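Work through these exercises with the model open beside you. Try each task before reading its solution.

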Amino acid sequence: MSSSATSHSTERPAPQHSDRDQLTINTIRTLAMDAVQKANSGHPGTPMALAPVGYTLWKDFLRYHPEHPDWPNRDRFVLSVGHASMLLYSLLHLAGVVEIDEHGKRSGKPAVSLEDIKQFRQLDSKTPGHPEYRMTTGVETTTGPLGQGCANSVGMAMAERWLGEHFNKPGATLFDYNVYVLCGDGDMMEGVTAEAASLAGHLKLSNLCWIYDNNTISIEGHTELAYSDDPRKRFEGYGWKTLHVKDANDAAALAKAIQTFQQTNDAPTLIVVDSVIGYGSPNKHNTASAHGEPLGEDEIKLTKKAYGWDENSNFLVPEEARHHLRDALLERGGSDYDAWRETFARFEKDQPALADELQRMRAGEMPEGWRNTAVSFDADAKGIATRASGGKVLNGFAQQIPWLIGGSADLSPSTKTNLTFEGAGSFEADSYGGRNLHFGIREHAMGSIANGLALSYIRPYTSTFLVFSDYMKPPIRLASIMELPVVFVFTHDSIGVGEDGPTHQPIEHLTQLRATPGLLTLRPGDANETAEAWKVALAQTHRPSCMVLSRQPMPTLDRTKYASAENVAKGAYVLADAVKDKVDVILIATGSEVGMTVEAFEKLKADGIAARVVSMPSWELFEDQDKAYRDSVLPPSVTARLVVEQAGPVGWDRYVGQSGAKIVMNTFGASAPIDKLQAKFGFTTDNIVKVAKEQLK
C-alpha cells in the first residue's frame, strides 16, 4: 500500500450553517449575479446553486492556506464547470487568497479583489469568462471545455500518489493532499470524463472526490432531452464509491458525504448533489435561461429580496461576511501549513538530495548535467526508425531526471516509450512509485491527465500514433494555453505506416499541430536529430512539445560529412551545400524525407548542380531565430526551392514561395507496402531530382 494511500480525514461534527454562514453564501450568490449583469455576459445560475456546496467544502474541509496558495501539499480544488467561474472568483475573494506573481513571489495583493470581480469578463482582467491558469492565483487549471477539469484532476491525484511514494519517509509526510472537483451534467456527458473516471477507478485513487452538480439543466433545456444516465450506477461500474446528497443547501448531508470520502481508502468518490440552477430567482430558477445569460435587473432585485438582501445594492460584501471564510481557512490550514514547513525543514537536513529534487521540480528546473547524458548514434546507411532511437534517448534522459514519467495509450511496444531500466516499474493501484504509466486506449484522457501531472510538478510524456492526435487536440491546445511543458510523442508519422492504410496514415495532422499557438512541433530527420529534439523538448519550461517520429528506418547521417545535429535547436539549418557560397536550388525536408533528400542532393551535386539541403525539424524554433539567421539558411535571392514532406501542403508556401515546388500529400494515403506508396506519391530520390531540376528551368 502506498505511503500516501489513505486520504487525510477531518474528524469533526457535521456543520450546521449559522446566520453568518448563510450571509456568506448569499454574498457569493449576489456577487455572481451582479458580475454577470454588469458584464452583460456569463453564467449566474450555477454559482447561485453551488454557493453552499463550494462554501461548505472550502470552509470546513479544504486544506488550504490563503497566504500560501502555492503550498505543495494543499488540497486541489478544480472547477470543471468552468462557466461557473464567478463561484471560484467569489471564493478566492472571500478567502483572502494572496496573489503569487510570475516570479513565484507573494505580491501582497489579493488574488481577486472586489474591483477584479467588477471587471468580470473584461479585457486584461484577472476574472476572465472561464478560469485561466497562470492568470489568476488560486486557479489550479484552465477549465471551460467540459470534461477537461475532471480529467486534469485524475492527473493531479496520480501525481500525489507518485510524489508520496517518492518523497514521503517514516515520520516525514510531504504529500497526502486530496483533489476535489465540482463538475456538472455537461462534464458527465463528455466522453473524456468517462475515460478519466474509468482509469481513476482502476487505479483506486481514493484521494479524488468529484462533486457532481445534478441540476438537470443544459443550454437547450432540461437534460432529459438527451441524457438519462444513472451516474451512480455508471460510476459504481468504474469502481468508484458513490454517494447522494438530495439538497445542495443541506450542509450537514454534504459534510457527511465529504467525511465518508475522506475515510475511504480504496476508491475514488462521486458525490451526486441535487441542486436548483438559479436558486432563489422567483422566475428563472430551474430554467435554461438561468444557465448562460444575465438574470436582468428586475429579476436580480426580486432574487435579492428572496435572500433578504438589499435590493438596491451592487457588489455588496457585508462586513460580517468579509473575513468569515478566510478566518476559517487560516484556523485550519495555518497549523497544517506550519507543520508541513517544520517537516520539510527536517527533511532538508535528513534527505538533502531529495529536498533538492523537490525544489527543482517546483521551480521547473532539471538536475545538474542532465543534457550530458544524450545518446549519440554512429553513421549507418540502413539506419534506425526515429521511434526506436527516440526510445533509447528517452531512457537515457529518464535515468537522469527522476520526475520524468509517462506512457502510452496501450501502444508502448510500438511507440518505444517504455522505460526499461532497472527500477522504472509501472504505476499501478497500490504500487504508485512506478514511472511507466498505462493509460489504456484512452487518448483524450491521456493528454488531459498529463496536463494534470504537469500542474503538479511532474514532467510527463505521452505517446500514441500521430493520426490519433485527432483524439488529443483539446488537451494539446490547453497545454499550450497553460504553457505546460508536456511532451506529446507521436510515432507512425506518415504514409510510411504502409499496409494499415488511409485510416492510420496521417496527412493533415502536422498542419494542425503547427497551427497551434505556443506548441513546439519537432520532426527529426535521423537518430541524432532525434536525440537533439528530445533535448530541446525537455529543456522547455513554459511550452509543450510534440515529438513526431517514424515507424520505418531512416539513414543515420554521417555528421563528419554533413552539418551537426545540434543545429536542431535552431529549427532549421543547412545540412549540406554542394558548392561553397553558391546555391542554385534549395531542398527542404523534414523527418523521414531528409534521408531521401540527401540522396537526391548527392545526385544533383554529381550533375554539377549547386544544391542545398535544409533540414527543418521545427518551424517554431526556426521562426524564433533572428532574420539574419533565417536569411542565411533560406537566402531570399534563391527562389528555386522544393519541399519534401509526407504530409499536407498547407503552410509550406511561406518557405518555398508561390513559385516553389512541393512533393507533399494532397490526398489520403493507401494500403500497400511502403516502397509502393512512396513510388505512387512521388517520394523517391529520382522524383526529387527531377522536380529540383525543373525548378532551375
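The exercises below deal with a predicted model.

**Exercise 1. Helix α5 against helix α7**

Task: Find how the axes of α5 and α7 are placed, and which residues make the contact.

Solution:
- Start with the axes. Helix α5 covers residues 148-167 and helix α7 covers residues 191-202. Their axes come within 8 Å and cross at roughly 20°.
- Classify the angle. Angles under 35 degrees count as roughly parallel, so α5 is roughly parallel to α7.
- Take the hand. The crossing of α5 and α7 is left-handed.
- List the residues. Helix α5 contributes Gln148, Cys150, Ala151 and Val154. Helix α7 contributes Val192, Thr193, Ala196 and Ala200.
- Sort them by class. The contact of α5 with α7 has six nonpolar residues, two polar ones and no charged ones.

**Exercise 2. Helix α2 against helix α13**

Task: Describe the packing of α2 and α13, then sort the contact residues by class.

Solution:
- Helix α2 spans residues 45-60, and helix α13 spans residues 324-350. They pack at an angle of about 35°, with axes 8 Å apart.
- From α2 come Tyr55, Trp58, Lys59 and Asp60. From α13 come His324, Leu325, Ala328, Leu329 and Arg332.
- The class count for α2 with α13 is five nonpolar, one polar and three charged.

**Exercise 3. Salt bridges, one by one**

Task: Place the partners of three salt bridges along the chain, and say whether they are buried or exposed.

Solution:
- Begin with the total. The model has 30 salt bridges. Side chains of opposite charge can pair when their charged atoms come close.
- Take Arg134 and Glu483. Their side chains meet at 3.6 Å, N to O. Arg134 sits in the loop between α4 (114-118) and α5, and Glu483 in the loop between α18 (473-482) and β14 (487-491). The pair therefore ties together parts that are 349 residues apart in sequence. Arg134 is partly exposed at 41% relative accessible area. Glu483 is partly exposed at 33%.
- Take Arg360 and Asp356. The N to O distance is 2.8 Å. Both lie in helix α14 (residues 352-363), four residues apart, which means a separation of about one helical turn. Arg360 is buried at 14% relative accessibility. Asp356 is partly exposed at 37%.
- Take Glu593 and Arg523. Their closest N and O atoms are 2.6 Å apart. Glu593 lies in helix α21 (residues 593-606), and Arg523 in the loop between β15 (520-522) and α20 (527-539). This pair ties together parts that are 70 residues apart in sequence. Both Glu593 and Arg523 are buried.
- Now extend the last pair. Asp493, Arg514, Arg523, Glu593 and Glu645 are linked in a network of salt bridges.

**Exercise 4. Surroundings of two helix residues**

Task: For His93 and Asn152, give the helix, the burial and the contacts beyond four places in sequence.

Solution:
- His93 is in helix α3 (residues 85-95). Its relative accessible area is 13%. Under 20% counts as buried, so His93 is buried.
- His93 contacts Val112, Ser113, Leu114, Ile117, Val317 and Arg322.
- Check a distance too. His93 and Leu325 are 232 residues apart in sequence, yet 9.6 Å apart in space, C-alpha to C-alpha.
- Asn152 belongs to helix α5. At 1% relative accessibility, Asn152 is buried. Asn152 touches Thr141, Thr142, Ser448, Asn451 and Gly452.

**Exercise 5. A long separation**

Task: Where is Lys680, and how many Å separate its C-alpha atom from that of Arg326?

Solution:
- Lys680 is in helix α25 (residues 674-681). At 60% relative accessibility, Lys680 is exposed.
- Lys680 and Arg326 are 354 residues apart along the chain. Their C-alpha atoms are separated by 69 Å.

**Exercise 6. Positive phi outside glycine**

Task: Inspect phi of Asn40 and Arg121, then locate both residues.

Solution:
- Phi of Asn40 is near 55°, a positive value in a residue other than glycine. Asn40 lies in the loop between α1 (19-39) and α2. With 59% relative accessible area, Asn40 is exposed.
- Phi of Arg121 is near 65°, again positive in a residue other than glycine. Arg121 is found in the loop between α4 and α5. At 26% relative accessibility, Arg121 is partly exposed.

Technical notes:
Residues are numbered from 1 along each chain as its sequence is written. This is a predicted model: local features need pLDDT of at least 70, side-chain atom pairs count only at pLDDT 80 or more; totals for chains, interfaces and linings use all residues. Side-chain values use heavy atoms; hydrogens and water are left out. Axes are lines fitted to C-alpha atoms, for helices over the stretch in contact, and angles run from 0 to 180 degrees between N-to-C directions. Helices (H or I, at least four residues) and strands (E, at least two) are DSSP runs, numbered from the N terminus. Angles under 35 degrees count as roughly parallel, over 145 as roughly antiparallel, 65 to 115 as roughly perpendicular and the rest as oblique. A crossing is left-handed if the near helix is turned anticlockwise from the far one by less than a right angle, and right-handed if clockwise. Contact means heavy atoms within 4.5 Å. Ala, Val, Leu, Ile, Met, Phe, Trp, Tyr, Cys and Pro count as nonpolar, Asp, Glu, Lys and Arg as charged, and the others, Gly among them, as polar. A salt bridge is a side-chain nitrogen of Lys or Arg within 4 Å of a carboxyl oxygen of Asp or Glu. Buried means under 20% relative accessible area, exposed over 50%, partly exposed in between (1.4 Å probe, protein chains only).
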